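Let's take a walk through a protein together. Keep the sequence and the 3D view side by side as you read.

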Amino acid sequence: MTKVFISKGSAATDEQRAFVDAVLEMLDTVGMSARIMGENEWSHEQPLRAIKKIMRECDGAVIIAFTRTQFNEGIELKKSQTFSISNIKLPTTWNHIEASMAYSFELPLLVVAENGLKSEGLIENGYDWRVYWTDLHPDVVKSDSFKGFLQSWKKAVEEKKQSSSSTEVDLSKISIGKLVSMLSLPQLWSLVGVIATVIALVAGSSYKLGAGKWPWQEEPNKQSQPTPKSGAAD
């Protein structure tokens with residue numbers, strides 16, 4: 001199954017849990033294997049390192065954004081001005097972090113956001129993807145609009161997967177010259193260093209086996225002597 005990374009907060013309400021479950025079930029139905037940190041993926045490393053490794057193995061990412069923080073009134077500071085804001089709902093910060101990481105890996109993004117969330121950061125339109133704004137109800141996932149949105153994203157994921165597979169290189173079919181041309185300058189210098197080390201080791205071994213003489217040095221006592229001609233004794 002195609003592996004996709006899931007970014008979501010910890011569901012705090014029955015409504016949130018039911019909606020997330022419905023989305024994950026739909027992904028499974030269309031042949032997507034969801035990879036979720038802390039649920040079916042664990043690591044001893046710090047989160048960003050672990051997420052980075054998992055994303056390298058995925059062909060797409062799903063961002064499910066719903067309310068994590070909510071407050072009725074506040075003030076926003078912007079361009080040396082203050083603005084009164086009210087009824088503010090914010091998702092987990094990890095939605096923004098993981099969405100940006102997935103984008104840097106060029107993974108197709110499916111961003112699903114709860115109606116009423118503050119449209120900012122990666123949870124807003126205007127980037128290389130559209131946000132699917134919706135109420136948190138399981139039946140939404142069964143709607144034609146959501147299915148169409150999902151299928152469009154799934155097509156991009158499959159293209160990404162096919163592109164990644166086609167770029168895999170069979171080293172056995174590449175000439176030495178072509179292989180060298182594919183290396184970056186630091187990699188090329190590293191290769192030269194390795195070759196030089198191997199040559200030095202082989203030469204050193206040959207020197208020791210030759211009792212302090214290089215293989216091309218001929219010992220005096222082993223110089224060829226002329227073969228005496230056979231004939232009658234004097």
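The paragraphs below go from the sheet to the helices, then to the cores and the charged pairs.

Keep in mind that this is a predicted model. Begin with the sheet: 5 strands form an open sheet in the order 2-1-3-6-7, and the pairing is parallel. Look at the two edges, where strand 2 and strand 7 (131–134) stand; each has a single partner strand, so one side of each is left without a neighbour in the sheet. On average, neighbouring strands are turned by 25° against each other, direction ignored. Now pick out strand 3 and strand 6, which run parallel and are joined by 5 bridges. You can find isoleucine 63 standing opposite valine 111 in strand 6.

Next come the helices. Helix 1 lies across strand 1, strand 2, strand 3, strand 6 and strand 7, and runs at about 160° to strand 3. Helix 3 (residues 93–104) lies across strand 1, strand 3 and strand 6, at about 150° to strand 1.

What fills the largest nonpolar core? This core has 27 residues, and those with the most contacts inside it are Ile6, Phe19, Leu27, Ile64, Leu150 and Trp153. Among the elements that each supply at least two of its residues are strand 1 (2–8), helix 1 (14–29) and helix 4 (144–166). Helix 1 gives the most, with 7 residues. For a close look, try isoleucine 6: leaving aside residues up to four places away in sequence, isoleucine 6 touches Leu24, Leu27, Ala34, Arg35, Ile36, Val62 and Ile64. Apart from this core lies another, of 20 residues, among them Phe5, Ile54, Ala99 and Leu122.

Finally, turn to the charges. Side chains of opposite charge can pair when their charged atoms come close. The structure holds 8 salt bridges. In one of them, the side chains of lysine 8 and glutamate 39 meet at 2.7 Å, N to O. This pair links distant parts of the chain, with lysine 8 in strand 1 and glutamate 39 in the loop between strand 2 and helix 2 (47–56), 31 residues apart. Is lysine 8 buried or exposed? Its relative accessible area is 19%, and buried means under 20%, so lysine 8 is buried. Glutamate 39, at 42%, is partly exposed.

Another salt bridge joins arginine 17 and aspartate 14, whose closest N and O atoms are 2.7 Å apart. These two are 3 residues apart in helix 1, so about one helical turn separates them.

Terms used: Residues numbered from 1 in each chain as written. Predicted model: local features only at pLDDT ≥ 70, side-chain atom pairs only at ≥ 80, totals over all residues. Heavy atoms only, no water. Core = buried A, V, L, I, M, F, W, Y, C linked by side-chain atoms within 4.5 Å. Buried < 20%, exposed > 50% of the residue type's maximum accessible area, 1.4 Å probe, protein only. Helix = DSSP H or I, 4+ residues; strand = E, 2+ residues; numbered from the N terminus. Contact = heavy atoms within 4.5 Å. Pairing = 2+ DSSP bridges. Axes fitted to C-alpha atoms, helices over the stretch in contact; angles between N-to-C directions. Salt bridge = Lys/Arg side-chain N within 4 Å of Asp/Glu carboxyl O.
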